[in-house]
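Welcome! Here is a friendly briefing on a structure, written for someone meeting such things early on. Have a look at the picture, then read on.

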There are 2 protein chains.
Amino acid sequence: MSTNYQEHYLDWVRDAFAMEKQAESMLEKMAGRLEHYPDLKARIEQHIVETRQQQDLIQSVIDRHDTSRSVLKDAMGKMAAMGQAVGGMLAEDEVVKGAISGYVFENMEIASYTSLIAAAELVGDTEGVRVFTTIRDQEIAMAEWLYTHLPDVTEQFLVRSAEPGVEAKK
Amino acid sequence: MSTNYQEHYLDWVRDAFAMEKQAESMLEKMAGRLEHYPDLKARIEQHIVETRQQQDLIQSVIDRHDTSRSVLKDAMGKMAAMGQAVGGMLAEDEVVKGAISGYVFENMEIASYTSLIAAAELVGDTEGVRVFTTIRDQEIAMAEWLYTHLPDVTEQFLVRSAEPGVEAKK
């Protein structure tokens, strides 16, 4: 029985790694595009640094359980549908949709780690529980920041849109 | 200036209507498929009823601002990329991914209404602020339910998966 738990658990840990790779590339695209929303840009850049550290943390969990790294390719494929679907929204060059999509992606991460923490507990991976709780806290902080600033971003966008010759979208 | 605000605002209200149509069809699919997770199924069915009421509420906002209903078709098209991207994840027949996707979709709704409330305030639509705050509260309650039950759903899935001859996925 525990072997079966273990397999699902490891699959999900690999999915989490793929999800953070996806997050990194999306956040980079978004930060690179923003011009007139410096607070949002700065918070995204901070989260890019966190996202890279999270990849190392997840890799450490994988290393403890699994010596073959080649399977990672499959996990990347599996996550593609989910991560890219949400990630595709981030490609929108309109800042309000971008901020909403960022918040949605963070919540996908929060839910994934919540499920992963329950799985880590079931297989008895205490270090995994610690790692995924740390990462989830960072995702929650990023989601809360976006949620709190979304009304401001919306207002700024509407005000800029109404001014002739002013770029509002990015 | 206020005309410009008004245009964006109405576009977003129509987007919200399209989003709730999408939500209804996704939730119906998910509830119809679930067999071994009665609590999750019951909560989704409750939210389907709420979702239909939300569509009426949103329609009332549209009716107050806009007499032409034909434009709704465009809004449906515009929401397709975002809503169907997240909605496609709900089509997964694995209950854990389904619950995560449901949570993600609820959070897309929460973020959309947060932005919409800020826009309603800017255009001075007090009744709109009231309507969208009511709807957002229902989305928050649904998201919180899914978040709280996600560890249980994950555990049940893993335990069922480990038992020979037991269906775990739905």
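A:Ile117 touches A:Val129, A:Phe132 and A:Thr133, leaving out residues up to four places away in sequence; touching, or being in contact, is taken here as C-beta atoms, placed from the backbone, lying within 7 Å. This is a predicted model, in which local features need pLDDT of at least 70 and side-chain atom pairs count only at pLDDT 80 or more, while totals for chains, interfaces and linings use all residues. Residues are numbered from 1 along each chain as its sequence is written, and chains are lettered from A and ligands numbered from 1 in the order in which they are written.

**Two residues to start with**

- A:Ile117 lies in helix H4 of chain A; helices here are DSSP runs (H or I, at least four residues), as strands are (E, at least two), numbered from the N terminus.
- Is A:Ile117 buried or exposed? A:Ile117 is buried, because 22 other C-beta atoms lie within 10 Å.
- The cut-offs are these: 20 or more other C-beta atoms within 10 Å of a residue's own make it buried, 12 or fewer make it exposed, and anything in between makes it partly exposed, with C-beta atoms placed from the backbone.
- From A:Ile117 to A:Val129 is 12 residues along the sequence and 5.2 Å in space, C-alpha to C-alpha.
- In chain B, B:Ile62 lies in helix H2 and is partly exposed, with 19 other C-beta atoms within 10 Å.
- B:Ile62 touches B:Val13, B:Arg14 and B:Phe17, again not counting residues up to four places away in sequence.
- B:Ile62 and B:Tyr37 are 25 residues apart along the chain, and 37 Å separates their C-alpha atoms.

**Chain A as a whole**

- Chain A has five helices and zero strands, which gives the pattern α-α-α-α-α along the sequence.
- Of its 170 residues, 43% count as buried.
- Take the contacts in chain A between residues at least 6 apart in sequence: 74% of them join residues at least 24 apart.

**The H4 helices and H2(B)**

- How far should the 29 residues of H4(B), residues 95-123, span at 1.5 Å a residue? The expected span is 42 Å, and the end C-alpha atoms are 42 Å apart, which agrees; the rule is 1.5 Å times one less than the number of residues.
- H4(A) also has 29 residues, with an expected span of 42 Å and end C-alpha atoms 42 Å apart.
- In H4(B), 26 of the 29 residues are buried, so this helix is largely enclosed by the rest of the structure.
- For H4(A), too, 26 of the 29 residues are buried, so it is largely enclosed by the rest of the structure.
- B:Gly124, just after H4(B), has a positive phi of about 80 degrees, and A:Gly124, which follows H4(A), has a positive phi near 80 degrees.
- H2(B) has 28 residues and reaches 41 Å from its first C-alpha to its last, close to the 40 Å expected.
- Buried residues in H2(B) include B:Leu40, B:His47 and B:Val61.

**How the helices pack**

- Two packed helices are described by the angle between their axes and the distance between the axes.
- Axes are lines fitted to C-alpha atoms, for helices over the stretch in contact, and angles run from 0 to 180 degrees between N-to-C directions.
- The axes of H4(A) and H4(B) come within 9 Å and cross at roughly 150 degrees. That makes H4(A) roughly antiparallel to H4(B); angles over 145 degrees count as roughly antiparallel, under 35 as roughly parallel, 65 to 115 as roughly perpendicular and the rest as oblique.
- The H4(A) and H4(B) crossing is right-handed: the near helix is turned clockwise from the far one by less than a right angle, whereas an anticlockwise turn would make it left-handed.
- Where these two helices meet, A:Tyr103 and A:Asn107 are among the residues of H4(A), and B:Tyr103 and B:Asn107 among those of H4(B).
- H4(B) and H5(B) pack with axes 8 Å apart at about 160 degrees, and are therefore roughly antiparallel.

**The nonpolar core**

- The largest nonpolar core has 85 residues, of which A:Ala99, A:Leu116 and B:Ala99 touch the most other members; such a core is a set of buried Ala, Val, Leu, Ile, Met, Phe, Trp, Tyr and Cys residues joined through C-beta atoms within 7 Å.
- Leaving aside neighbours within four places in sequence, B:Ala99 is in contact with B:Leu40, B:Leu146, B:Leu150 and B:Val153.
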